[in-house]
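Reader: Hello! I am new to this structure and would love a close look at one part of it. Could you walk me through a sheet, please?

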Amino acid sequence: MAGKMKASVLHKKQDLRMEEVAKPKINDNEVLVEIKSNGICGSDLHFYEKGELGPFKVEKPYIPGHESSGVISEKVNSNSVSKIFLTDFFY
Ligand SMILES: [Zn+2]
């Protein structure tokens with residue numbers, strides 16, 4: 001479960017960097033999705049261009065993107081997550 005992965009990290013406006021980050025740790029009732037494709041939406045563009053969107057400001061590094069697809073790459077407990085299987089496609 002431990003390890004690293006690559007991610008685009010937005011540090012502040014117009015400062016997006018490809019970095020190695022810690023791979024998320026998952027709980028018994030969660031799965032890990034290896035992202036294969038990620039859309040860029042209007043909110044991502046605002047955060048990149050202006051560093052903010054309405055009341056939300058980029059105040060610490062974060063990984064943008066919330067319109068993704070990928071495959072299930074890890075799950076811990078087969079009983080808790082019984083209808084999702086490794087390599088299932090998720091979108
Ligand atoms: Zn969106």
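In what order do the three strands of the open sheet stand, and is the pairing parallel or antiparallel?

Author: Happy to help! Please keep in mind that this is a predicted model. The open sheet has three strands, in the order E3-E6-E7, and their pairing is antiparallel. In general, strands of a sheet pair through backbone hydrogen bonds, and they can do so in a parallel or an antiparallel way.

Let us begin at the edges. Strand E3, residues 31-38, and strand E7, residues 89-90, each have a single partner strand, so one side of each has no neighbour in the sheet. For E3 the link to strand E6, residues 68-75, is made by seven bridges, with the two strands running antiparallel. To find your place along this pair, look for Leu32, which stands opposite Glu74 in E6.

Another antiparallel pair is worth a visit too: eight bridges join strand E1, residues 4-12, to strand E2, residues 15-22. Here Lys6 stands opposite Glu20 in E2. The hairpin of E1 and E2 has two residues between the strands, and Gln14 takes a positive phi near 55° there.

From this hairpin you can move on to Gly51, in the loop between helix H1 (42-50) and strand E4 (52-53). The C-alpha atoms of Gly51 and Asp15 are separated by 9.3 Å, although the two residues are 36 residues apart along the chain. Beyond its neighbours within four places in sequence, Gly51 is in contact with Lys12, Lys13, Lys57 and Val58. Gly51 has 17 other C-beta atoms within 10 Å, so it is partly exposed.

Terms used. Residues numbered from 1 in each chain as written. Predicted model: local features only at pLDDT ≥ 70, side-chain atom pairs only at ≥ 80, totals over all residues. Pairing = 2+ DSSP bridges. Helix = DSSP H or I, 4+ residues; strand = E, 2+ residues; numbered from the N terminus. Buried ≥ 20, exposed ≤ 12 C-beta atoms within 10 Å, placed from the backbone. Contact = placed C-beta atoms within 7 Å.
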